[in-house]
2 protein chains.
Amino acid sequence: MSLLVVGSMAFDEIETPFGKSGRIIGGAGLYIALSAAYHTRPVNLVSVIGEDFPEQTLETLRQRGIDIAGVERKTGRKTFYWKGRYHIDLNTRDSLVTELNVLGDFNPRLPDHFRNPDYVMLGNLSPQVQLSVIDQLPQRPRLVALDTMNFWIESTPEDLRKVIGKVDIIIINDEEARMLGQTPSLVKAAQRILHMGPEYVIIKKGEHGALLFSENEVFVAPGLPIEEVFDPTGAGDSFAGGLMGHVARTNDTSFDNLKRAVIVGSAMASFCIEKFGPQRLLELSPEAILRRQEVFKQLSHFDILYH
Amino acid sequence: MSLLVVGSMAFDEIETPFGKSGRIIGGAGLYIALSAAYHTRPVNLVSVIGEDFPEQTLETLRQRGIDIAGVERKTGRKTFYWKGRYHIDLNTRDSLVTELNVLGDFNPRLPDHFRNPDYVMLGNLSPQVQLSVIDQLPQRPRLVALDTMNFWIESTPEDLRKVIGKVDIIIINDEEARMLGQTPSLVKAAQRILHMGPEYVIIKKGEHGALLFSENEVFVAPGLPIEEVFDPTGAGDSFAGGLMGHVARTNDTSFDNLKRAVIVGSAMASFCIEKFGPQRLLELSPEAILRRQEVFKQLSHFDILYH
């Protein structure tokens, strides 16, 4: 089944306790599309880049079955640029430089053949931009998923509520869930967010794994116990891409299949953090992804003694 | 199989955002013994109380098959007293009053019929007291487990290292593991603590569940997603009691059985936090404990799609 991905493409410069990435490609749309393309076809990408974005990266995306007809290149302008430094525990980071450039007036226009997607993944963008994408779809996709961040929860809460009311899945981290649900309890926060409209709420907890909530069910996905994260950049987007890639491939929106999708997403994120930027996402195999899912299963499964 | 439990008995006064407990019974030894007694017999308790400790509580322990021959009552003196207030998120607390009383010079002497336990659970006490218990055992039990806390990691690191070198399992929370392992990475911390001697390291992460490490294996136990913790007091001790009660009952120290034991402990802790103090631990049934384990299984198990 087809997956429409809307999200940024960027130049990133990342500093971690382990080193500096230099100027590399990044952006939510890129991570989501690369991750999803391991799981479903076609992946239709909508984004915006400047004159400086490398043609070679676009060719890489094409070779992976990602349709970039929705990636608008603006001549005479620069690609979104972000420079950040992670703290010693790699859980927090400072943004050192943020130059929106072409992302500042991103006004996505869907090519005609993108307008009837089966599934949609809206990467972190302003709620207005996310809404404008939904408004371009003549009929309701089977499932629309949304990512957002603290900035939008604080600065444009009304627009955000509007778009949350129109999507089926929201994928956010624990801090964002607490902020959006206005309670320190993640369970209560998830219930409140479900009441805003979505059928599923997925809360990413970093090293502590992820939670999947529907109105009546909960799933607790384990975090992979790893010694050290090398670079967390893109982990959340890789998670979302794997998750929605799996849902699109299987065309099954049941809770049980969403559980599997959360594990697929967790596997993709666990690869992403092993190297700088999207590098690791470019060298995976279907077998490696399956084996990683088996690791998650082995880690978390147990039996009960009844006598 | 027999389980020797060494730990405090106390009067607690607990304040949470939901109310005040008034003066109730508590203490690590009490929680561990009550929790373990649902799983194995005999549970042999070593502790110390003052003249003011209620005879009725001792009778309750006896009725539950807990042998209190090792509970020393000191005439003319007062029982350990602790008053604490939990913060709004119930993850942190302030100690308002700590009166050690009889616990201040606790010098446990094991009754003769306690000296050959199959299993031992050393509740949080000074490492010197924990060592003095181990020294009273003429032969090595099948497995000795230890709890400790920040205070001992900071104030008596050498004694603590000595006792850690003599036990098979250490059960601590995430903050303590990071402090003891001197690294923010829980996986690295666990490896360093394993190198201090124990065969298993169990790290409790509160709402995020627990991690079980051996040299070559890891198990990630889910946290139960609950709307609100009523009172976290005794949760860690209920966990330890359920865990070691299960190990003693099954007489099986394999990694697979330790996984089950972590789930039993998690189930017991999840009950404990539902009411003030040990109240909930007094009203459980074996069926309810099994059902709670099934909830943990349902929460965390998933399948993988191979095609």
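**Exercise 1. Which residue does A:Tyr81 stand opposite in S7(A)?**

Before the solution, some conventions: this is a predicted model, in which local features need pLDDT of at least 70 and side-chain atom pairs count only at pLDDT 80 or more, while totals for chains, interfaces and linings use all residues. Residues are numbered from 1 along each chain as its sequence is written, chains are lettered from A and ligands numbered from 1 in the order in which they are written, and side-chain values use heavy atoms, with hydrogens and water left out.

Solution. Begin with the elements themselves: helices (H or I, at least four residues) and strands (E, at least two) are DSSP runs, numbered from the N terminus. Two strands pair if DSSP finds at least two bridges between them. In chain A, strand S6 (residues 80–86) and strand S7 (residues 93–99) pair in the antiparallel sense over six bridges. Within this pairing, A:Tyr81 stands opposite A:Glu99. The two strands, S6(A) and S7(A), form a hairpin with six residues between them, and A:Leu90 in the turn has a positive phi of about 60°.

**Exercise 2. Describe the open sheet of chain B and find the strands at its edges.**

Solution. In general, strands of a sheet pair through backbone hydrogen bonds, either parallel or antiparallel. Nine strands of chain B form an open sheet with mixed pairing, and their order is S5-S4-S1-S8-S9-S10-S11-S12-S13. Strand S5 (66–74) and strand S13 (218–221) of chain B stand at the edges with a single partner strand each, so one side of each has no neighbour in the sheet. From one strand to the next, the twist averages 15°, where angles run from 0 to 180 degrees between N-to-C directions and axes are lines fitted to C-alpha atoms, for helices over the stretch in contact.

For one pair inside the sheet, take strand S8 (residues 119–122) and strand S9 (residues 143–147) of chain B, which pair in the parallel sense over four bridges. There, B:Tyr119 stands opposite B:Leu143 in S9(B). Helix H8 (residues 235–250) of chain B lies across several strands, including S8 and S9, and runs at about 175° to S8(B).

**Exercise 3. Work out how H6(B) and H7(B) pack, and to what extent H7(B) is enclosed.**

Solution. First take the geometry: helix H6 (residues 174–181) and helix H7 (residues 186–195) of chain B pack at an angle of about 60°, with their axes 8 Å apart. That makes H6(B) oblique to H7(B), because angles under 35 degrees count as roughly parallel, over 145 as roughly antiparallel, 65 to 115 as roughly perpendicular and the rest as oblique.

Next take the contact (heavy atoms within 4.5 Å), to which H6(B) contributes B:Asp174, B:Ala177, B:Arg178, B:Leu180 and B:Gly181, and H7(B) contributes B:Leu186, B:Ala189, B:Arg192 and B:Ile193. These residues divide into five nonpolar, one polar and three charged, given that Ala, Val, Leu, Ile, Met, Phe, Trp, Tyr, Cys and Pro count as nonpolar, Asp, Glu, Lys and Arg as charged, and the others, Gly among them, as polar.

Finally, consider burial, where buried means under 20% relative accessible area, exposed over 50%, and partly exposed in between (1.4 Å probe, protein chains only). Seven of the ten residues of H7(B) are buried, so this helix is largely enclosed by the rest of the structure. The elements covering these buried residues include S10, H6, S11 and S12 of chain B. Just after H7(B), B:Gly197 takes a positive phi of about 140°.

**Exercise 4. Is A:Ala248 buried or exposed, and what does A:Ala248 touch?**

Solution. Locate the residue first: A:Ala248 is found in helix H8 (residues 235–250) of chain A. With a relative accessible area of 0%, A:Ala248 is buried. Leaving aside residues up to four places away in sequence, A:Ala248 touches A:Met1, A:Ser2, A:Leu3, A:Thr40 and A:Tyr119. The C-alpha atoms of A:Ala248 and A:Val120 are separated by 9.0 Å, although these residues are 128 residues apart along the chain.

**Exercise 5. Where is B:Thr156, and which residues does B:Thr156 touch?**

Solution. B:Thr156 has its place in the loop between helix H4 (150–155) and helix H5 (157–164) of chain B. At 22% relative accessibility, B:Thr156 counts as partly exposed. Not counting residues up to four places away in sequence, B:Thr156 touches B:Pro127 and B:Phe151.
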